[in-house]
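Thank you all for coming; I would like to take a few minutes to walk through one structure with you. Please have the sequence and the coordinates open as I speak.

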Amino acid sequence: MGKRRLALCAGVLTVTAFGPAACAAYAAYAADGGDVSVVPAAPAPGADIALRVTGCDAREAVAQSPALVSDARLTPDDGDGLAGDGRVRSTLTAGTYTVTVACDGTEHKGTVEVVRKQAPAAGAEPSAHPSPVAPVNAGGGGAARVFADGRERHGPGAAQTVVALALAGTAALTVHRAARRQARRGRGTG
């Protein structure tokens, strides 16, 4: 079976297998007013969150919610929507709160589920490092990232080797042809 036929069959199989599930998920998403998303979806009181709305053609919008410290300003993002940041009130109790974005006369809604903060067990060590541990690009041309994982890289990879060999072969062929032309001209004039 050719590559095109195989790709076509794989595409048809994918649509057949996942098409109904995707349509059902979208219908639930649309019925829920799910064009406003919150990340993380279940923050603790006092947490910073990212808000995003799709289906809004305005250049700017405002997200409002009783869960937020203040209204969040949304501006165009890299995709096809508006995005911004907000902070969950630190005095909230756990529960689900509505987030509303008014855009071009249309009201877009979403929800944020605020969860109770988990208190660490007595005497437990924090699971995260108290300060950043990732290497910083501070001089060395970013060499810190190369050596941070403990592996040194030696020489070019396979792709770079193939490209270099192709370029070297082309250069050798060009030099050879130029030398042959020069030799013919030298024989013809004498």
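I will begin with the overall picture and then turn to the strands, the salt bridges and two individual residues.

What you have in front of you is a predicted model, so please hear everything I say as a description of that model rather than of an experiment. The secondary structure consists of three helices and seven strands, and if you read along the sequence the order is α-β-β-β-β-β-β-β-α-α. The protein has 190 residues, of which 17% are buried, and the surface it exposes comes to about 14,200 Å², with carbon and sulfur atoms supplying 58% of that area. As for contacts, if we take those between residues at least 6 apart in sequence, 51% of them join residues at least 24 apart.

Let me go to the strands. Strand S1, residues 36–39, has a covered face made of Val36 and Val38, while Ser37 and Val39 form the uncovered one. S1 and S2 run antiparallel and are joined by four bridges, and within this pairing Val39 of S1 stands opposite Ala50 in S2.

Now the salt bridges. How many does a search of the whole structure find? The search finds four, and I will take three of them in turn.

In one of them, Asp48 pairs with Arg87, and the closest N and O atoms are 2.6 Å apart. Because Asp48 lies in strand S2, residues 48–54, and Arg87 lies in strand S5, residues 81–87, this pair ties together parts that are 39 residues apart in sequence. Arg87 itself counts as partly exposed, since its relative accessibility is 44%.

Another salt bridge links Glu60 with Arg73, where the closest N and O atoms are 2.9 Å apart. Here Glu60 sits in the loop between S2 and strand S3 (61–64), whereas Arg73 sits in strand S4, residues 72–76, so the parts tied together are 13 residues apart in sequence. Glu60 is partly exposed, with a relative accessible area of 43%, while Arg73, at 54%, counts as exposed.

The side chains of Glu107 and Lys109 also meet in a salt bridge, at 3.6 Å from N to O. With a relative accessible area of 53%, Glu107 is exposed, whereas Lys109, at 39%, counts as partly exposed.

Those two residues bring me to Thr100, which has its place in strand S6, residues 95–103. Is Thr100 buried or exposed? Its relative accessible area is 17%, and because the cut-off for buried is under 20%, Thr100 is buried. Setting aside neighbours within four places in sequence, Thr100 is in contact with Val62, Ala63 and Gln64, and also with Glu107, His108 and Lys109. Glu107 and Lys109, the partners of the salt bridge I have just described, are thus among the contacts of Thr100.

Finally, consider Ser65, which is found in the loop between S3 and S4. Although it belongs to a loop, Ser65 counts as buried, at 11% relative accessibility. Which backbone oxygen does the side chain of Ser65 reach? The side chain reaches the backbone oxygen of Thr98, at 2.7 Å. Not counting residues up to four places away in sequence, Ser65 touches Tyr97, Thr98 and Val99.

I will stop there and take your questions.

Notes:
Residues are numbered from 1 along each chain as its sequence is written. This is a predicted model: local features need pLDDT of at least 70, side-chain atom pairs count only at pLDDT 80 or more; totals for chains, interfaces and linings use all residues. Side-chain values use heavy atoms; hydrogens and water are left out. Buried means under 20% relative accessible area, exposed over 50%, partly exposed in between (1.4 Å probe, protein chains only). Contact means heavy atoms within 4.5 Å. Accessible areas come from the Shrake-Rupley method with a 1.4 Å probe; for residues, only the protein chains shown count as cover. Two strands pair if DSSP finds at least two bridges between them. A polar contact is a pair of N or O atoms within 3.5 Å; within protein, one must be able to donate a hydrogen and the other to accept it, and residues adjacent in sequence count only if both atoms are side-chain atoms.
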